[in-house]
Amino acid sequence: MDYKKIKATHEAVTRDLSNFDKETGNLYETVVNLSKRANQISASLRQELVNKIADFAAQNSGGDGIDEIYENREQIEIARYYEQISKPSLIATQELLDGTLKFKRANSEEEE
């Protein structure tokens, strides 16, 4: 998923808490779900970055100075791309407010 396309802010914004518990009915449950989603996003971004860096490590086994300069520029571009992406917690919050984040509640015997 391209997290750059999600229009999340890059800074913390004060939000109305009444918008957060509409889907779950419980603010704390929403916060837990947002935390889990932010961890998923973070893991996805981390894996994507590791894969891109692994490509450079495989190519960098032996090389000329010119190739290293070119690869270094590509690495800088990749680093800039990931610096411009909002924090995973802000992306998860924006997904919740946009309505694209869905929750699944595990049925337990206590609720019945």
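**Close-up views of a three-helix chain**

**View 1. Asp21, in the run-up to the opening helix.** Asp21 sits in the segment before α1, the helix that spans 27-59. This is a predicted model, so keep that in mind for every view here. Asp21 is partly exposed, as its relative accessible area is 28%. Skip the neighbours within four places in sequence, and Asp21 is in contact with Asn26, Leu27 and Thr30. Go ten residues along from Asp21 and you get to Val31; the C-alpha atoms of these two are 9.1 Å apart.

**View 2. The whole chain, for orientation.** The chain has three helices and zero strands, so from the N terminus the order reads α-α-α. Of its 112 residues, 23% are buried. Take the contacts between residues at least 6 apart in sequence: 76% of them join residues at least 24 apart. The chain's accessible surface is about 8,600 Å², and carbon and sulfur atoms account for 49% of that.

**View 3. The largest nonpolar core.** This core counts 13 residues. Leu34, Ile41, Leu45, Tyr82, Ile85, Ala92 and Leu96 are the ones with the most contacts inside it. Helices α1, α2 (65-84) and α3 each put in at least two residues. Which helix gives the most to this core? That's α1, with five residues.

**View 4. Helix α3 and what follows.** Helix α3 covers residues 88-98, and its buried residues are Leu90, Ile91, Ala92, Thr93, Gln94, Glu95 and Leu96. Leave out residues up to four places away in sequence, and Leu96 touches Phe20, Thr30, Leu34, Leu101 and Phe103. Just after α3 comes Gly99, with a positive phi of about 90°.

**View 5. Tyr81 and Tyr82, the aromatic pair.** One aromatic pair turns up in the structure. How are the rings of Tyr81 and Tyr82 arranged, with their centres 5.1 Å apart? Their planes are at 85°, and edge-to-face starts at over 60 degrees, so the pair is edge-to-face. The two tyrosines also get different burial labels: Tyr81 is partly exposed at 26% relative accessible area, while Tyr82 counts as buried at 16%. Tyr82 has already appeared in View 3, among the residues with the most contacts inside the core.

**View 6. Glu95 and Arg37, a salt bridge between helices.** The whole structure holds two salt bridges, and this view shows the one where the side chains of Glu95 and Arg37 meet at 2.8 Å, N to O. Glu95 belongs to helix α3 and Arg37 to helix α1, so the pair ties together parts that are 58 residues apart in sequence. Are these partners buried or exposed? Glu95 counts as buried, with 6% relative accessibility, and Arg37 is buried too, with a relative accessible area of 16%. The cut-off for buried is under 20%, so both values qualify.

**View 7. Glu48 and Lys52, a salt bridge within α1.** Here the side chains of Glu48 and Lys52 meet at 3.9 Å, N to O. The cut-off is 4 Å, so the pair counts as a salt bridge. Both residues lie in helix α1, four residues apart, which is about one turn of the helix. Glu48 is partly exposed at 25% relative accessible area, and Lys52 counts as partly exposed at 31%.

Definitions and conventions:
Residues are numbered from 1 along each chain as its sequence is written. This is a predicted model: local features need pLDDT of at least 70, side-chain atom pairs count only at pLDDT 80 or more; totals for chains, interfaces and linings use all residues. Side-chain values use heavy atoms; hydrogens and water are left out. Buried means under 20% relative accessible area, exposed over 50%, partly exposed in between (1.4 Å probe, protein chains only). Contact means heavy atoms within 4.5 Å. Accessible areas come from the Shrake-Rupley method with a 1.4 Å probe; for residues, only the protein chains shown count as cover. Rings of Phe, Tyr and Trp (its six-membered ring) pair if their centres lie within 6.5 Å; planes under 30 degrees apart count as stacked, over 60 as edge-to-face and the rest as tilted. A nonpolar core is a set of buried Ala, Val, Leu, Ile, Met, Phe, Trp, Tyr and Cys residues joined through side-chain atoms within 4.5 Å.
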